[in-house]
Amino acid sequence: MNIFCRLFGHTWWHQTENPKVAWNTTKNLSELALTTEQPEPRFWLECRRCGERNENPTRDEIKRINC
Ligand SMILES: [Zn+2]
């Protein structure tokens, strides 16, 4: 753990992973079809300093970084 994290606690910030977007050509090659591989984007908190992840943040933890 980073020394600053030990002294002051982690500095959480939002991280999201957008669904992977892929463009596929249709059979006649005149149109592009948009397909998404992941239906739901992932969301987690990550410490700015040491990179520690909080995969399942509670409501209180999210509130704390919003103010
Ligand atoms: Zn940290």
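In what order do the three strands of the open sheet stand? Keep that in mind as you open the model, which is a predicted one. The order is 1-4-5, and the pairing is antiparallel. Strand 1 and strand 5 (53-54) are at the edges with a single partner strand each, so one side of each has no neighbour in the sheet.

**Stop one: the whole chain**

Before zooming in, colour the protein chain by secondary structure. You should find two helices and five strands. Starting from the N terminus, the elements go α-β-β-β-β-β-α. Now think about burial: of the 67 residues in the protein chain, just 3% are buried. As for contacts with a separation of 6 or more, 52% of them link residues 24 or more positions apart.

**Stop two: helix 1**

Select residues 3-8, which make up helix 1, and pick out F4 there. F4 has 14 C-beta neighbours inside 10 Å, so it counts as partly exposed. Now add C50 to your selection: F4 and C50 are 46 residues apart in sequence, yet their C-alpha atoms are 9.0 Å apart in space.

**Stop three: strand 1 and its partner**

Next, select residues 12-17, which are strand 1. How many of its six residues are buried? The count is zero, and the strand is hardly covered.

Bring in residues 42-47 as well: this is strand 4, joined to strand 1 by six bridges, and the two run antiparallel. As a general point, strands of a sheet pair through backbone hydrogen bonds, either parallel or antiparallel. You can walk along the pairing here one residue at a time:

- H14 has L45 in strand 4 as its bridge partner.
- Q15 stands opposite W44 in strand 4.
- E17 is bridged to R42 in strand 4.

**Stop four: W12**

Stay in strand 1 and click on W12. Is W12 buried, exposed or partly exposed? There are 19 other C-beta atoms within 10 Å of W12, so this residue is partly exposed; the cut-off for buried is 20 or more.

Which residues does W12 touch, leaving aside those up to four places away in sequence? Light up L45, C47, N54, E61 and I65. One of these, E61, is 49 residues from W12 in sequence, but the C-alpha atoms of the two are 8.7 Å apart.

**Stop five: the hairpin**

Move along to strand 4 and strand 5, which run antiparallel and are joined by two bridges. To see one pairing, select E46 together with R53, its bridge partner in strand 5. The two strands form a hairpin with five residues between them. Look in the turn for G51, whose phi is positive at about 80°.

**Stop six: E52**

Last, select E52, in the loop between strand 4 and strand 5. With 14 C-beta neighbours inside 10 Å, E52 is partly exposed. Not counting residues up to four places away in sequence, E52 touches H10 and C47. C47 also appeared among the residues that W12 touches. To finish, draw a distance between the C-alpha atoms of E52 and W12: they are 40 residues apart along the chain and separated by 8.8 Å.

Methods: Residues are numbered from 1 along each chain as its sequence is written. This is a predicted model: local features need pLDDT of at least 70, side-chain atom pairs count only at pLDDT 80 or more; totals for chains, interfaces and linings use all residues. A residue is buried if 20 or more other C-beta atoms lie within 10 Å of its own, exposed if 12 or fewer, and partly exposed in between; C-beta atoms are placed from the backbone. Helices (H or I, at least four residues) and strands (E, at least two) are DSSP runs, numbered from the N terminus. Two strands pair if DSSP finds at least two bridges between them. Two residues are in contact if their C-beta atoms, placed from the backbone, lie within 7 Å.
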